Amino acid sequence: MAHPHDHSAHADHDHHDHDHEAHGHDHDAHDHGEHDHAAHGHDARHHAAHDHGHAHGHSHGPGGHHHHVPADMGLAFAVGVTLNTVFVAVEVGAGFWAHSMALLADAGHNLSDVLALLMAWGAIILAKRAPSGRRTYGLRKGTILASLANAVVLLLVIGGIASESIHRLTQPSSIATTTVMITAGVGVFINTLTALFFMRGSHSDLNVRGAFLHMASDAVISLAVVAGAGIIALTGLQWIDPALSLGIGAVIVFGTWGLLRDSVNLALDGAPREIDVAEVRAYLAALPGVEEIHDLHVWAMSTTETALTAHVIRPANDDGDRFLHTACEGLARRFNIGHCTLQVETEADSACHLAPVGVV
């Protein structure tokens with residue numbers, strides 16, 4: 001006995017611009033203006049059978065608050081793009097001048113980071129676009145696609161670096177070690193500074209975490225290039241330069257794999273890695289009066305926001321509003337699931353066609 005969700009009466013609460021840290025969203029007292037969270041009757045002929053309550057809980061980070069990107073992230077992206085674009089140009093010139101494969105590899109990596117920062121910045125701007133008639137979630141998913149693109153581009157660049165480095169191992173050439181050390185030293189400073197700009201936002205946004213990882217790995221890589229050039233200057237072992245490039249590639253692949261895995265999962269509408277869907281189901285099933293949970297779905301709307309829908313069989317649903325508010329607030333507080341839609345069904349014996357496991 002399936003009934004479509006009627007979301008037409010629900011305003012999108014994800015665009016509240018006020019400071020959610022100041023209050024905990026007590027839905028029992030909070031007036032939502034254009035609708036209340038009472039059970040919405042779909043149609044008069046269904047009232048006797050089901051109470052299809054649609055409750056939207058809007059978590060805003062820890063304790064019920066969205067992990068919105070910090071306000072200064074725009075400045076961080078602007079500074080990061082500018083500094084790294086200038087440095088890439090300098091590093092490419094120095095790499096050719098010094099005949100250093102490691103320096104050119106680092107320049108290629110920095111160039112990919114500039115593109116990554118531009119994509120991530122653009123995605124965050126797109127995520128702020130309001131929903132439209134066709135794109136009812138707005139463009140939030142763009143943050144996930146940008147995160148995925150960043151990981152893929154970085155791995156492709158590393159593939160090119162590895163290929164050229166293997167070639168250089170068979171035909172090593174002398175490098176200007178002083179030029180390499182000075183240039184790479186500047187890179188350490190620039191990349192460390194840029195990474196610090198993104199550190200705060202990296203804990204709550206996968207997209208910003210990608211930018212942070214790019215910058216942090218670049219700082220380490222530039223430091224390794226400085227050390228490698230110093231060893232070559234002391235020993236004259238020119239094969240160290242291409243070997244170092246291969247080592248750099250391995251470090252980057254290791255650091256990027258988690259970002260790629262998480263991005264692919266979110267792009268395929270998987271539940272965020274930190275959310276245990278079985279625990280979510282158990283929480284809902286343990287709520288007072290609940291006999292069964294089915295058609296449960298948890299997915300990411302963006303790199304910072306998670307949504308949930310579920311059908312709840314609750315025969316004695318005499319406190320429907322309070323139940324919905326309690327359930328959604330609990331999901332927000334315990335699992336950071338901020339956009340919840342629950343459909344309450346009161347007839348346990350009525351067969352919902354979405355009840356069987358595996359049916360979507």
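In helix 4, residues 177–199, the buried positions are T177, V180, T183, A184, G187, I190, N191, T194, A195 and F198. Buried here means under 20% relative accessible area, exposed means over 50%, and partly exposed lies in between, with a 1.4 Å probe and protein chains only. Helices are DSSP runs of H or I with at least four residues, strands are runs of E with at least two, and both are numbered from the N terminus. The expected span of a helix is 1.5 Å times one less than its number of residues. For the 23 residues of helix 4 this gives 33 Å, and the end C-alpha atoms are 32 Å apart, which agrees.

A word on the source. This is a predicted model, in which local features need pLDDT of at least 70 and side-chain atom pairs count only at pLDDT 80 or more, while totals for chains, interfaces and linings use all residues. Residues are numbered from 1 along each chain as its sequence is written, and side-chain values use heavy atoms, with hydrogens and water left out.

Turning to the whole chain, we find 8 helices and 3 strands, in the order α-α-α-α-α-α-α-β-β-α-β. Of the 360 residues, 49% are buried. Contact means heavy atoms within 4.5 Å. Among contacts with a separation of 6 or more, 75% join residues 24 or more positions apart.

Next, the β-α-β unit. Strand 2, helix 8 and strand 3 form such a unit, and it is right-handed; that is, with the strands pointing away from the viewer, the path from the first strand over the helix to the second runs clockwise. Strand 2, residues 306–313, pairs with strand 3 in the parallel sense over 7 bridges, where pairing requires that DSSP finds at least two bridges between the strands. One of the bridge partners is V344 in strand 3, which is matched with V312.

How many of the residues of strand 3 are buried? The count is 7 of 7, for residues 339–345. In a regular strand the side chains alternate between the two faces of the sheet. Here H339, T341, Q343 and E345 are buried on one side, and C340, L342 and V344 on the other.

Helix 8 has 16 residues, for which the expected span is 22 Å; its end C-alpha atoms are 22 Å apart, in agreement. Its buried residues, including F323, L324 and F335, pack against helix 7, strand 2 and strand 3. After the helix comes N336, with a positive phi near 60°.

The search of the whole structure returns 1 aromatic pair. The ring centres of Y283 and F335 are 6.0 Å apart and the planes stand at 65°, so the pair is edge-to-face. Rings of Phe, Tyr and Trp (its six-membered ring) pair if their centres lie within 6.5 Å; planes under 30 degrees apart count as stacked, over 60 as edge-to-face and the rest as tilted. Since Y283 belongs to helix 7, residues 277–285, and F335 to helix 8, residues 320–335, the pair ties together parts 52 residues apart in sequence. Both Y283 and F335 are buried.

Finally, two residues after helix 7. E291, in the loop between helix 7 and strand 1, counts as exposed at 54% relative accessibility. H294, in strand 1, residues 292–300, counts as buried at 2%. E291 and P315 are 24 residues apart in sequence, yet 7.8 Å apart in space, C-alpha to C-alpha.
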